[in-house]
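Here are my notes on the model, set out as numbered points. They deal with helix packing in one chain and with a nonpolar core in the other.

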Amino acid sequence: MKNFVKNNALSLFFLAAFLLSLVGQSFAGNADANQQRLAEGGAPLSWVSYVTSSDFTADVAENWQSEYLQFLLFILATVWLVQRGSTESKKPGEEGGESDAEQKTGRYAESGSPAWAAAAGWRRSLYGNSLGLVMGAVFLLSWLGQSVSGQASYNAQQLAQLEDPVSWGEYVVSADFWNRTLQNWQSEFLAVLSMVVLSVYLRQRGSTQSKPVGAAHDTTGVEG
Amino acid sequence: MNSRAISLALMSLVAILTGCSSAERETAEQAATRFYGAVHDRQGEQACSLLAPSAAEGLSTGGQRCANAILDLELPGGQPVDTAVWGDEAQVRLSRDTVFLHRFPQGWLVRGAGCTARGELPYRCEVTT
């Protein structure tokens, strides 16, 4: 048990942080929604009703989609684009999908390599892109979830304000949908930009996300 | 899993995500019908008991009682044509009127009646919260 915790501490830390934040969001969101409902002459919602409501689902999904989009683009962009001096980048000249020998696939697979890395055809291609594919699928599903629950949440608000509800097609081209979407995307892209550029010049001793403190600024693709 | 099961699962997911079902539309429509039935039968007290508290208060201004004020409005009503339910809010379109309702713990209550559309602007309602 002690070894399990030690060996998986990073995952466990972020799992706990995720769950605590989600629970915190549910209570804060419920209180905020109830203030608005009372102001509009409505009745307050219980916590259980709130966490199963479209309001909560839309708020959660819109953040999830942007996070998974951020990682999807980061995963794909770093195949082809480099940033000299950044820990988040390959060295200039290494752009692209790289050779089987560099990627340890096909006949270059080693004894500990995953089985599909050694396999031929679609299995090797699928496994070779599995991280991007799963991140992309979660992004699309979250974005779809945001659109469906966002429409429900938006329409409830429309009716509360004595306005007509809109169809799903109208909602996905609405200002509300794109405002919710783009306000999340811009912050994610800024965070990635900051990490790529700041890791050239700044250090965090002992972190995998930083170069060794004494490494030169133009050293690329080296982690501490 | 066959395509019918997948369709059913997707419809259930959408219903869960949107909180929308035909049973909810029916109960909202019944509440609107009861309200207009009371207005039509000149049962002012009964009609006011089917209003959201803030809507009833809005009619009780200037010394006038809600039960009298609601009948003075001569709300047109009509047959239900279309009903939309989103979360705890509903809109029932009648042949000569549009009504907005909110779901309270005791059931659906009218928060807007005698409403006319104004394009992009909110409906203008004779009864409102």
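1. Angles between helix axes over 145 degrees count as roughly antiparallel. In this predicted model, helix α4 (residues 54–80) of chain A packs against helix α8 (residues 130–160) of chain A at an angle of about 155°, their axes being 7 Å apart. α4(A) and α8(A) are therefore roughly antiparallel to each other.

2. The crossing of α4(A) with α8(A) is left-handed, and the residues in this contact divide by class into 14 nonpolar, 11 polar and two charged.

3. α4(A) also packs with helix α10 (residues 175–201) of chain A, here at an angle of about 35° and with the axes 9 Å apart; the crossing of α4(A) and α10(A) is right-handed. Among the residues making the contact are A:L69, A:L73 and A:F74 on the α4(A) side, and A:W185, A:F189 and A:V192 on the α10(A) side. By class, the contact of α4(A) with α10(A) has nine nonpolar, six polar and five charged residues.

4. Turning to the core, which residues have the most contacts inside the largest nonpolar core? They are B:F35, B:L51, B:I70, B:V99 and B:L101, in a core of 33 residues. Helices α2 (22–40), α3 (44–49), α4 (53–59) and α5 (66–72) of chain B are among the elements that each supply at least two residues of this core, as are strands β2 (89–94), β3 (98–104) and β4 (107–118) of chain B. α2(B) gives the most, with seven residues.

5. If neighbours within four places in sequence are left aside, B:L51 is in contact with B:F35, B:A56, B:L59, B:C66, B:I70, B:L109, B:V110 and B:V127.

Key
Residues numbered from 1 in each chain as written. Chains lettered and ligands numbered in written order. Predicted model: local features only at pLDDT ≥ 70, side-chain atom pairs only at ≥ 80, totals over all residues. Heavy atoms only, no water. Axes fitted to C-alpha atoms, helices over the stretch in contact; angles between N-to-C directions. Helix = DSSP H or I, 4+ residues; strand = E, 2+ residues; numbered from the N terminus. Parallel < 35°, antiparallel > 145°, perpendicular 65-115°, else oblique. Left-handed = near helix turned anticlockwise from the far one by under 90°. Nonpolar A, V, L, I, M, F, W, Y, C, P; charged D, E, K, R; others polar. Core = buried A, V, L, I, M, F, W, Y, C linked by side-chain atoms within 4.5 Å. Buried < 20%, exposed > 50% of the residue type's maximum accessible area, 1.4 Å probe, protein only. Contact = heavy atoms within 4.5 Å.
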